[in-house]
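Dear colleague,

I am passing on to you the structure we spoke about, with the sequence alongside. Please look it over when you have time; some notes on what turned up follow below.

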Amino acid sequence: MTLNWMGLNMRKFKTSLYLEIKVYLKGKRYLKGYKIKGGFNMAVNVKTATCESADKILESFIADLDFDTCHHRIGTQDIKCGFGLQGVCCKLCANGPCRVTPDSPKGVCGATADTIVARNFLRAVSAGSACYLHIVEKAAWNLMETGKNKGNIKGKDSLDELASLFGIAEDDEYEKAIKIGERVLGDLYKPRFERMELVEKLTYKPRYDRWQELGILPGGAKSEVFDSLIKTSTNLNSDPVDMLLHALRLGICTGLYGLFLTNRLNDIMLGEPKIRLASVGFKVLDTDYINIMTTGHQHSLFAHLEEALTTDHAREKAREAGAKGFKLIGSTCVGQDMQLRGEHNQEVFAGHTGNNFTSEALIATGAIDLVISEFNCTFPGLESISEELMIKMICIDDVAKKANAELVEYSYEDREKISSYVIEEAIKSYQNRRDKVVINIPENHGNDNTLTGISEDSLRDFLGGSYKPLIDLIAKGYIKGVAGIVGCSNLVSGGHDVFTVKLTKELIKRDILVLSAGCSSGGLENVGLMSPEAADLAGGLLREVCKDLGIPPVLNFGPCLSIGRLEQVATELASILNVDLPQLPLVLSAPQWLEEQALADGAFGLALGLPLHLAKPPYITGSKLVTKVLTEDLEELTGGRLILDDDVVSTANRLEAIILAKRVALGI
Amino acid sequence: MRRIMIDRYKCEACLGCVLGCMVEHNKKGKSIYDLDLEDMANESRNHVEVDYENRPAPIICRHCEDPECVTTCMSGAMTKNEETGLVEYDKDKCASCFMCVMSCPYGVLKADRINNEVIMKCDMCSNREVPRCVEFCPTRALYMVEVAR
């Protein structure tokens, strides 16, 4: 269908733009058997080259696609506004946009670069925090409804653990579930002047004491977000330090509630992670099945559908339609959550295909029949591809409503109706499209031996019931330290997953064990770093440990929500050593952060007192004060600090130096 | 000879060219993140003005064929390089008489704001293939062309 100009594939010449003469069949290029009326329309299409990916099979698959994806569009957005990059553009009022320059050092209102940057930063953190709080809020409501309706409780250990932590004395498991949900929601809905009650129960004692001294214990989480919007509105707060402290408070709300509690509530409803080997990448696609792809972060919204798809009734309907059955195709973080808890859903869950910037390529394979979205990362770029490939889009939470998706708002009460509707629509889509579209799945993408199911509990069990063996390995020097590689992928730090993969390889080479949670883990698993064979890429000492235990040097904790699980691992290590978190030989990096949510996670990391690396500055460098507080002064307050570095080796050097210094301070 | 061309109707007054110029001439480094936007020593050689119809107008040195700044320069600080076609400025020869500022038909030249001594003169980013102002322009209002001598 595609003729390259003069028989030459101009892409080989590495030009940023190349001319391609295309034969358009009335714009319906992907429909087989389309009747051509009035002959060919010839058009000259100027196509943008795609960006680099760490995952080379994905990179060449996307480069050959005739669809427009993020990987194509990044080249069309390569000129960035310098004021935006430095965070010194303000459009909070009609006098704007104001930009700070040496000629105009203040906005019309008198706001300095420090005020403008701090306001922009706090707004971003509060939006990110709001996202995670939405996720935990929905999970808590679903848990309460599960309890009231005596629904399926798969994670009884988590239920008992949380009930005893919260001091809930009920015997009945459903009553426990209801009470746990109530306690979580009770905190989220408190006014800002009332402290949330669970914070102390969920926080390591030395940390809690530090937060109390600093005056950053949060009031009601949603009120904290609400008030940060007030603070950052037109001509209100102009104190950069007050706003940065507010960002830390939002970090605590995000981490303890949005991350940690979401995991535990979902573990109760959907089962605890169990360590196992799993298949990842596009190789999990099987065109014999009706394939339903998921995007989002809210596993509990799929609890009923996962069960409905395994009923005899559903199997029978799929067979009638000519398919072998249904498969859930994991994509983005909710796919990571399904993979993490894959032990409990082996029949229907096909595997995790990839992270945020893999999702457009996934639907472009043509093998997906229906997409269910409920949160980010659901790119608007999915819309045009799904239309061309006749893929039905259903959105079950309007916060992620795509323009071409049908909104079927999830509620526990209507779960059966919704699952039936999804099944009907998936069958209809499958029957309608499969003979009309081209299926194009890249070969050998991904692998069959990614170690998954790792959580704070399953890892402890694996180590024999205590984290002591891990501490011994660290103390003896077999493992120099631990790095949490978290966050997203973006397309600006060298390309898709490029910085993440290079930094991870650099760290394991130096005997630093890497734990990953977030889209970063999607990239790391597809390039094989989470398979036991990756031990060969580690330094001699770490390699020996990995080979002995049969584990990879990069451990897959799954979705970004699992940053909450990493915090639990850190807390356990600290409590065994009887030290506070900042003393551990532990560093965090969100090398390729993308979203406001990542900044809220980052604020949690800084509140925990951990060094946090970012490759791209979070739009703060225009303010000397904000930059100094976050990169230097914060160490005196929480113990954490921001490290900004866009060079892989230099970053690895700095993170290793921190780990070595902390080892010396601990006397190991 | 390479020249910067201006399509003023594409200009959105984002000041990208102004930032680009300051980034390239910043002594502390060539990255946008090295640029201190509160430091008066960072000064741009180009500027964006608003015309009588309230439309933005990027003001950028044309390196004129018959440059008034060179003609009026008494000390020999402004010279036309016949080989490259660029109008070059030697601050060591400059007497700060500002005749060039007065004579520039485009109003692009100005004295530095701190000492009021040195002329802020475009050097086409010396050896850079594409000048920073052109590189930073998101609307392509600034673009490069090769012109005959």
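A:Tyr619 has a relative accessible area of 35% and is therefore partly exposed, whereas A:Trp593, with a relative accessible area of 7%, is buried. Please bear in mind throughout that this is a predicted model.

The structure holds 3 aromatic pairs over all chains, and one of them is formed by A:Trp593 and A:Tyr619, which meet edge-to-face with 6.0 Å from centre to centre and 75° between the planes. This pair links distant parts of the chain, 26 residues apart, since A:Trp593 sits in the loop between strand S17 (586–589) and helix H23 (596–608) of chain A, while A:Tyr619 belongs to the loop between strand S18 (611–614) and helix H24 (624–637) of chain A.

Elsewhere in chain A, there is a patch of negative charge on the surface, where A:Asp171, A:Asp172, A:Glu175 and A:Glu182 gather. Of these residues, A:Glu175 lies in helix H6 (residues 173–188) of chain A, and its relative accessibility of 31% places A:Glu175 in the partly exposed class, which fits its membership of the patch because residues must have over 30% relative accessible area to be included.

In chain B, I would point you to B:Val147, which is located in the segment after strand S6 (142–146) of chain B and, at 28% relative accessibility, counts as partly exposed. B:Val147 and B:Arg2 are separated by 145 residues in sequence, yet their C-alpha atoms are 6.2 Å apart in space.

With best regards

Key
Residues numbered from 1 in each chain as written. Chains lettered and ligands numbered in written order. Predicted model: local features only at pLDDT ≥ 70, side-chain atom pairs only at ≥ 80, totals over all residues. Heavy atoms only, no water. Patch = residues over 30% accessible without salt bridge, like charges linked within 9 Å, V, L, I, M, F, W, Y side chains within 5 Å. Areas by Shrake-Rupley, 256 points an atom, 1.4 Å probe, with all protein chains shown as cover. Salt bridge = Lys/Arg side-chain N within 4 Å of Asp/Glu carboxyl O. Lys, Arg positive; Asp, Glu negative; His and termini not counted. Charge placed at Lys NZ, Arg CZ, Asp CG, Glu CD. Helix = DSSP H or I, 4+ residues; strand = E, 2+ residues; numbered from the N terminus. Buried < 20%, exposed > 50% of the residue type's maximum accessible area, 1.4 Å probe, protein only. Phe/Tyr/Trp six-rings, centres within 6.5 Å; stacked < 30°, edge-to-face > 60°.
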